[in-house]
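This report is meant for a reader who comes to the structure for the first time. It takes up the backbone, the core, one helix and the salt bridges in turn.

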Amino acid sequence: MNDYTACMQAIDGLLQDPVLRERRFYPEFRRAWEALLKKTSHSGETYFDADSPAGLTVPCTYGGLDFCFHLDQSKMADWYYQEVKRKKRVVFEPKRFKRSFSGKLSYHDSVCHYDPALPEAALEEKDRNILAAAFPGRPAELYVVYGNKWVEKTINPLRRSSVALFLIRTPFVPAFLLSPFEICLYLFLMDCCIIQEDYQKVKDEELKPLLHIFQPSPMLRIKGLL
């Protein structure tokens with residue numbers, strides 16, 4: 001179970017980062033995220049049962065914050081097949097991840113975590129799709145969120161140095177999260193990562209529109225959080 005009090009304290013610590021505080025848009029950034037995170041931390045709303053066979057837990061450690069995100073694998077499968085019917089890649093982007101001799105997966109500078117022993121009871125053996133998603137980190141932490149047990153089974157003997165899978169585009173990852181708070185926390189942490197990664201390369205006026213809180217993220221509006 002996540003400790004929301006400790007989580008909010010860690011968030012306050014993150015907001016004290018000089019890199020964030022020195023941005024021209026910081027006061028607006030802080031007010032907007034604090035309001036959303038405080039409001040949703042008191043909400044008991046959930047979108048699915050985290051203990052159901054379709055629930056997947058992903059640990060996150062970032063900037064002094066330890067938290068577990070929960071994703072709905074059944075919803076991922078449904079969205080994937082709906083996108084296949086449309087024949088247009090919007091949510092799921094085909095990628096090839098590098099595979100080392102030891103079996104470690106990576107994409108650019110990011111390591112992709114997976115557990116071949118994970119039961120994933122909601123998955124059907126006939127549909128061996130592998131989906132991955134990015135989580136907060138510098139570089140981003142990648143996790144296989146659907147099809148862990150199929151990663152090693154789908155390795156091409158003639159092309160052992162890579163694995164084909166689908167990467168969920170970051171703005172759509174919140175669609176599969178458990179609660180309003182998890183959605184807001186995920187996007188807040190991703191915004192922190194964007195600022196910390198790009199502030200030296202991008203001017204503040206160009207950086208601000210890249211942040212989910214200022215776009216605003218379609219997911220925040222779709223879920224009625226803004």
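Where is the place of P139? In this predicted model, P139 is in the loop between β6 (131–135) and β7 (141–146), and the peptide bond that joins R138 to P139 is cis, with omega at about 0°.

**Backbone**

Most residues other than glycine have a negative phi, and most peptide bonds are trans. Besides the cis bond between R138 and P139, there are two residues to look at for their phi values. H108, which is not a glycine, has a positive phi of about 55°, and H108 is found in the loop between β4 (105–107) and β5 (110–113). E120 is likewise a residue other than glycine with a positive phi, in this case near 45°, and the place of E120 is in the loop between β5 and β6. As to their surroundings, H108 is exposed, with a relative accessible area of 65%, whereas E120 is buried, with a relative accessible area of 4%.

**The nonpolar core**

In soluble globular proteins, nonpolar side chains tend to be buried together. Here the largest nonpolar core has 76 residues, and those with the most contacts inside it are I11, F29, W33, V145, L185 and F188. Helix α5, which covers residues 180–198, gives the most to this core, contributing 13 residues. For a closer view of one member, I11 is in contact with L37, L65, F181, L185 and F188, when its neighbours within four places in sequence are left aside.

**Helix α3**

Helix α3 has 16 residues, and from its first C-alpha to its last it reaches 22 Å, which is close to the 22 Å expected at 1.5 Å a residue. Which residues of α3 are buried? They are Y26, F29, R30, W33, L36, L37, T40 and S41. Seen down the axis of α3, these buried residues fall within an arc of 150°, and therefore they line one face of the helix. What covers them includes α1 (4–14), α2 (18–21), α5 and α7.

**Salt bridges**

The count of salt bridges in the model comes to 11. The table shows three of the pairs, with the distance from N to O for each.

| Pair | Distance, N to O |
|---|---|
| E28 and K208 | 2.9 Å |
| R89 and E83 | 3.8 Å |
| R128 and E125 | 2.5 Å |

The pair of E28 and K208 links distant parts of the chain, since E28 lies in helix α3 (residues 26–41) and K208 in the loop between α6 (204–207) and α7 (218–222), with the two 180 residues apart. E28 is partly exposed, with a relative accessible area of 37%, and K208 also counts as partly exposed, at 27% relative accessibility.

In the pair of R89 and E83, is E83 buried or exposed? At 1% relative accessibility, E83 counts as buried, while its partner R89 is partly exposed, with a relative accessible area of 36%. In the pair of R128 and E125, R128 counts as partly exposed at 39% relative accessibility, and E125 counts as partly exposed at 40%.

Salt bridges also link D12, R30 and E34 in a network. One of these residues, R30, is among the buried residues of α3.

How values were computed. Residues are numbered from 1 along each chain as its sequence is written. This is a predicted model: local features need pLDDT of at least 70, side-chain atom pairs count only at pLDDT 80 or more; totals for chains, interfaces and linings use all residues. Side-chain values use heavy atoms; hydrogens and water are left out. A nonpolar core is a set of buried Ala, Val, Leu, Ile, Met, Phe, Trp, Tyr and Cys residues joined through side-chain atoms within 4.5 Å. Buried means under 20% relative accessible area, exposed over 50%, partly exposed in between (1.4 Å probe, protein chains only). Helices (H or I, at least four residues) and strands (E, at least two) are DSSP runs, numbered from the N terminus. Contact means heavy atoms within 4.5 Å. A salt bridge is a side-chain nitrogen of Lys or Arg within 4 Å of a carboxyl oxygen of Asp or Glu. The expected span of a helix is 1.5 Å times one less than its number of residues. The arc is that of the directions from the helix axis to the C-beta atoms.
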